[in-house]
Amino acid sequence: MYDVAIIGGGHNGLVCAAYLAAAGRKVVVLEQRAVVGGAAVTEEFFPGFRNSVAAYTVSLLNPKIIRDLDLATHGLRVVERPIANFLPLDDGRYIKVGGGRTKQEVAKFSARDAARLDDYHARLDAVADVLRALVLETPPNVVEGHPLAALAQLIATGRLARRLRRLGLDRQRDLIDLFTNSAGGYLDGWFESAPIKAAYGFDGIVGNYASPYMPGSAYVLLHHCFGEVNGRRGVWGHAMGGMGAITQAMAKSATTRGADIRLSAPVREVVIENGCAVGARLDGGEVVRASAVAANVNPKLLYLNLVDAAALPAGFRERIEQYRCGSGTFRMNVALAELPDFSALPGRDLAEHHAAGIIMAPSLAYMEQAYADARAFGWSRRPIVELVIGSAMDDTLAPPGRHVASLFCQHVAPQLPNGSSWDDQREQVADLMIATVDRYAPNFSRAILGRQIFTPLDLERTFGLVGGDIFHGALDLGQLFSARPLLGHADYRGPIAGLYMCGAGTHPGGGVTGAPGHNAAREVLRDFRRGRLRRAN
Ligand SMILES: Cc1cc2nc3c(=O)[nH]c(=O)nc-3n(C[C@H](O)[C@H](O)[C@H](O)COP(=O)(O)OP(=O)(O)OC[C@H]3O[C@@H](n4cnc5c(N)ncnc54)[C@H](O)[C@@H]3O)c2cc1C
C-alpha cells in the first residue's frame with residue numbers, strides 16, 4: 001500500500017515522485033518501458049552509438065528543480081552551445097545566431113534589423129520573465145459550487161492581475177501580442193530580412209503542427225524562450241550523456257529520497273472504488289494500491305484509455321476527446337562516419353557551427369509551405385529539419401572520430417490522409433529528410449552508418465505520445481494556463497477524487513521543464529495536509 005502511485009516514469013513523474021518522497025510520502029512510479037525518462041532518454045540506437053533519441057536539447061528545465069533534487073550531485077552537467085543556431089541558406093550564404101555575434105551576422109542581411117535586435121530581446125525577455133515567474137505556480141482554477149471555493153481562485157486571479165499591471169501598458173500590449181499573434185506576424189513587425197525571421201520563427205513551429213503565420217504560434221515561440229542554461233536566460237544547451245542524464249539523475253534523486261521505481265510495469269487501468277482512485281492495475285492483473293494516483297501520461301490517454309468511462313462525469317469525456325493533440329513531428333537519429341560538410345561553410349573538421357542547432361528552413365515562407373504540403377499530402381515536400389550533433393559537444397555518445405545526430409523534422413501529418421499508414425511511409429519519408437540535409441551538406445547521406453526513425457505513430461507506440469504530440473497536447477491558447485488541460489481542471493486534479501495529473505498536459509505544458517511534476521506534487525501534498533487524502537500507514 002502506497003500513499004501515491006505515479007503512472008509513468010517520464011521526467012515529470014520522476015520529479016513528482018522526488019518531491020512527494022522528500023515530504024515523507026511512500027511513492028511508487030510505474031513505468032511501462034524498461035527505462036525511465038519518457039521522451040527524455042539516452043539510448044543505444046545503433047551498435048556503439050548513443051543519443052538522446054527523442055528530446056535532444058535542454059533549456060526549460062527549471063533551476064529550482066535542479067537545486068531541490070540535487071541533480072548536479074546525481075551526475076547532471078549541462079553545457080551551453082558555443083552558438084545557438086546555424087542556418088545554411090539556399091543562396092549559398094549562412095547566418096549564425098548567438099555566441100555574442102548575432103548583431104554582426106544579421107547586419108550581413110539588414111543593418112536595420114541588426115539595430116533592432118537589442119530592443120526585440122529586451123521586450124521578448126520582459127514577457128518571458130512573466131511566464132518564467134508563473135511556471136511553478138498553479139494557475140487560477142475556474143470552480144463551481146460554494147462561493148468560498150471560488151474566493152481562493154478569485155484572490156489568485158487578483159494577484160496575477162496585479163503582477164501583470166506592474167508590467168506597464170506597453171509590455172502588456174506585447175504580452176497580448178505574443179499570446180494571440182502568429183510568430184510570423186510578430187516577427188514581420190520587427191524585422192525585414194528573411195534569415196533572422198527564420199532563425200527566431202523556427203521556435204514558433206517546434207512541435208506545433210502549424211504554419212508560422214497561424215495565430216497562437218507566437219506563444220509557442222515565447223514558450224521556447226523562458227528557459228536558461230546555468231543561469232543564462234533564453235539559452236539552449238546539451239546535457240552531458242544526453243537527455244537521459246537528466247532523467248537518470250531525477251530517478252536517483254527520487255530513490256535516494258525513498259521512492260520505489262518499477263520498470264516494465266505498464267498500467268492497464270486506474271482502479272476506482274466509490275468514486276475515488278485507489279490504485280493502478282498493471283497489464284498482468286496485479287493491483288498496486290495507493291491513497292492517491294498521479295498520472296504522468298497525456299490526459300487523453302489517461303481519461304480515454306485508463307479510466308472507466310462510467311466513472312467520469314457526463315460531458316467530461318467528450319471534452320477530453322476534443323483535446324487537441326498532434327505535433328507534426330518526424331524524428332530520426334543517425335550514426336555518422338564523419339561530420340556534415342556544409343556548402344555554405346565548408347569543412348569536415350569540428351567547428352562551432354557543428355555544435356549549434358542547425359536549422360534547414362531558410363525563411364518563414366518556406367515553413368508556411370512545409371505546413372501547407374503536410375496538410376495536403378501528409379508530409380512537406382521540402383521539410384524543415386533541425387540537426388543537432390550531440391557528439392560535437394559530448395564524446396561519450398559515439399566512438400572516437402564518429403558522430404551521432406538528431407534530426408527533428410517537420411511537418412508531417414499526425415494521421416496520414418486517405419487512410420494511409422505511417423508504417424507504409426516510414427522509410428520513404430526518412431529518405432526525404434536525409435535528402436533535405438544533403439541539399440545543404442552533400443556528404444551527409446554518404447556518412448550515415450545507421451539510422452533510427454520515429455514517425456508520429458512510432459512516437460505514440462514507443463512513448464505513449466498521443467498523435468506523436470511532443471507536448472502532451474497542443475500549446476493553443478484554448479489549452480494553456482487555466483485551460484490546461486481543461487477549464488476547471490487546471491489545478492492538477494481531475495473530476496475523480498484522488499486522481500491527479502502530473503505530466504506535460506498540465507500547466508505549463510510540454511518541454512523538459514519538471515514544472516508539472518513539481519506543481520502536482522505540491523497539490524497532492526496540500527490534499528494530504530487538508531485530510532482529503534489519508535496516509536497509507
Ligand atoms: C521527438 C521529441 C523531441 C523533443 N525535443 C525536446 C527538446 O529538445 N527539449 C525539450 O525541452 N523538450 C523536448 N520535447 C518535449 C519533451 O520531451 C516532452 O514534452 C516531455 O518529455 C514530457 O514529459 P512528461 O514527463 O510529462 O511525459 P513523457 O516524457 O511523455 O513521459 C510519460 C511516461 O509515461 C509512460 N507511460 C505511458 N503510458 C503508460 C502506462 N499505461 N503505464 C505506465 N507508463 C506509461 C511513458 O512510457 C513515459 O515514460 C521533445 C519531445 C519529443 C517527443
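**Group meeting: a cavity, a patch and some backbone oddities**

Okay, so the largest cavity here holds about 40 Å³ of space. Before I go on, please keep in mind that this is a predicted model. How many cavities of 30 Å³ or more does a search of the whole structure find? Just 1. As for how one looks for such things, rolling a probe the size of a water molecule over the atoms shows where empty space is left.

Who sits around that space? If you want to click along, the lining of the largest cavity is Asn 51, Ser 52, Tyr 56, His 238, Val 388, Gly 390 and Ser 406. Sorted by class, that lining has 5 polar and 2 nonpolar residues, and no charged ones.

Now let's go to the surface. There's a nonpolar patch there, about 410 Å² of it. Which residues make the patch? Three leucines and an isoleucine: Leu 148, Leu 151, Leu 154 and Ile 155. Let me pick out Leu 154, which is part of helix α5, and that helix covers residues 147–165. Is Leu 154 buried or exposed? Its relative accessible area is 59%, and the cut-off for exposed is over 50%, so Leu 154 counts as exposed.

Next, the backbone, starting with cis peptide bonds. One of them joins Arg 484 to Pro 485, with omega at about 0 degrees. Pro 485 is in a loop, the one between α16 (456–463) and β20 (499–501). Another cis bond joins Gln 410 to His 411, and there omega is about -5 degrees. His 411 isn't in a loop; you'll find it in strand β18, residues 403–412.

Then there are positive phi values. Phe 481 has a phi near 50 degrees, positive even though this residue is something other than glycine. Where is Phe 481? Back in the loop between α16 and β20, the loop that also holds Pro 485. And how open is that phenylalanine? Phe 481 has a relative accessible area of 24%. Buried would need under 20% and exposed over 50%, so Phe 481 goes down as partly exposed.

Ser 264 is another non-glycine residue with a positive phi, about 50 degrees. Look for Ser 264 in the loop that runs between β11 (260–262) and β12 (267–273).

So, if you're opening this for yourselves, try the α16 to β20 loop, with Phe 481 and Pro 485 in it. After that, have a look at Leu 154 on helix α5, and then at the cavity lining, Tyr 56 and His 238 among them. That's me done, thanks!

How values were computed: Residues are numbered from 1 along each chain as its sequence is written. This is a predicted model: local features need pLDDT of at least 70, side-chain atom pairs count only at pLDDT 80 or more; totals for chains, interfaces and linings use all residues. Side-chain values use heavy atoms; hydrogens and water are left out. Patches are made of residues with over 30% relative accessible area and no salt bridge: like charges are joined within 9 Å, nonpolar side chains (Val, Leu, Ile, Met, Phe, Trp, Tyr) within 5 Å. Accessible areas come from the Shrake-Rupley method with a 1.4 Å probe; for residues, only the protein chains shown count as cover. A salt bridge is a side-chain nitrogen of Lys or Arg within 4 Å of a carboxyl oxygen of Asp or Glu. Helices (H or I, at least four residues) and strands (E, at least two) are DSSP runs, numbered from the N terminus. Buried means under 20% relative accessible area, exposed over 50%, partly exposed in between (1.4 Å probe, protein chains only). On a 1 Å grid over the protein atoms alone, a cavity is a set of points where a 1.4 Å probe fits but cannot get out, and a pocket is an open set with protein on both sides within 12 Å along at least five of seven lines; lining residues have an atom within 4 Å of a point. Grid points are joined across faces, edges and corners, and a volume is the space filled by probe spheres set on the points. Ala, Val, Leu, Ile, Met, Phe, Trp, Tyr, Cys and Pro count as nonpolar, Asp, Glu, Lys and Arg as charged, and the others, Gly among them, as polar.
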